[in-house]
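Hello,

Here is the structure we talked about. Please open it alongside this note, and then read on for what turned up.

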Amino acid sequence: MRSARFAALNRGEQRAVRYYSHMKLNMAEEEDYMSDSFINVQEDIRPGLPMLRQIREARRKEEKQQEANLKNRQKTLKEEEQERRDIGLKNALGCENKGFALLQKMGYKSGQALGKSGGGIVEPIPLNIKTGKSGIGHEASLKRKAEEKLESYRKKIHMKNQAEEKAAEQFRMRLKNKQDEMKLEGDLRRSQRACQQLDVQKNIQVPREAWYWLRLEEETEEDEEEKEQDEDEYKSEDLSVLEKLQILTSYLREEHLYCIWCGTAYEDKEDLSSNCPGPTSADHD
């Protein structure tokens, strides 16, 4: 029936019906502000939220109160004096000032430097008002004490850095001395081993000195007493490792024409002196 009635309408009436139906549909979709969806809205009752709102409101009120207090606060006598002083210092002297009037009579012009040749000051001497209760010279004394404290701190830092550098240098020297000592001990053992081999090749059964030969690391139980006696002999010697190395090197070069750093036994003294750089390890570097 409705479709037959709609078909019987003209085009203008059909358009009006379509527009009215469309508007009615949109109004049905929108929620009414008096409906249950607006009236029965549940409040957010999560714990902590009301307290946050109260704190926020209290802070906002406190800030507004502080702003109002600042606006309505009566200025103290010192603040009023400071404001008047600042205003007076900002303004240049006029003709009503007697001193400025005398300067103008003497030929002075505004903005001109003082002095006959114009080499004086242009701006007036600044005014420094002392507002504290300390005596005259107290600020200079505080400044001097601060400078002395700063200088003392710098000296402490400098001394600390020097001590650290000295300790580091001493550590490097100890390490270098230890390395040099280990190197000397290694050269001495090589010399002792070479001396023992060369002496045995020449049928020398007993070394010239007990320490010329390298002691055996593994000894039998029968030789324990002899070992203790040898250790006592070694302890009683006053020669250092360097002195032993120098003596043993000289013995190897003179008796066997041998150099441990070259690792070569030369034919004669002339061959040794011409082909060997020298009697020390530094000569072979």
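Which residue takes a positive phi just after helix 6? Gly-107 does, with a phi of about 100°. Keep in mind that this is a predicted model.

The other end of helix 6 is worth a look too. Helix 6 covers residues 98-105, and Asn-97 caps its N-terminal end. A side-chain oxygen of Asn-97 lies 3.1 Å from the backbone nitrogen of Gly-99.

Now the whole chain. There are 10 helices and two strands. Along the sequence, the order is α-α-α-α-α-α-α-α-α-β-β-α. The two strands thus sit between the ninth and the last helix in that pattern.

Some totals for the protein chain:

- Of its 285 residues, 13% count as buried.
- The exposed surface is about 25300 Å², and carbon and sulfur atoms supply 52% of that area.
- Among contacts with a separation of 6 or more, 39% join residues 24 or more positions apart.

One residue to click on is Ser-191. It is found in helix 7, which spans residues 138-201. Is Ser-191 buried or exposed? Ser-191 counts as buried because its relative accessibility is 0%, and the cut-off for buried is under 20%. What does Ser-191 touch, leaving out residues up to four places away in sequence? The list is Leu-245, Leu-248, Leu-252 and Ile-260.

Start with helix 6 and its two flanking residues, Asn-97 and Gly-107. Then go to Ser-191 in helix 7.

Best wishes

Notes
Residues are numbered from 1 along each chain as its sequence is written. This is a predicted model: local features need pLDDT of at least 70, side-chain atom pairs count only at pLDDT 80 or more; totals for chains, interfaces and linings use all residues. Side-chain values use heavy atoms; hydrogens and water are left out. A polar contact is a pair of N or O atoms within 3.5 Å; within protein, one must be able to donate a hydrogen and the other to accept it, and residues adjacent in sequence count only if both atoms are side-chain atoms. Helices (H or I, at least four residues) and strands (E, at least two) are DSSP runs, numbered from the N terminus. Buried means under 20% relative accessible area, exposed over 50%, partly exposed in between (1.4 Å probe, protein chains only). Contact means heavy atoms within 4.5 Å. Accessible areas come from the Shrake-Rupley method with a 1.4 Å probe; for residues, only the protein chains shown count as cover.
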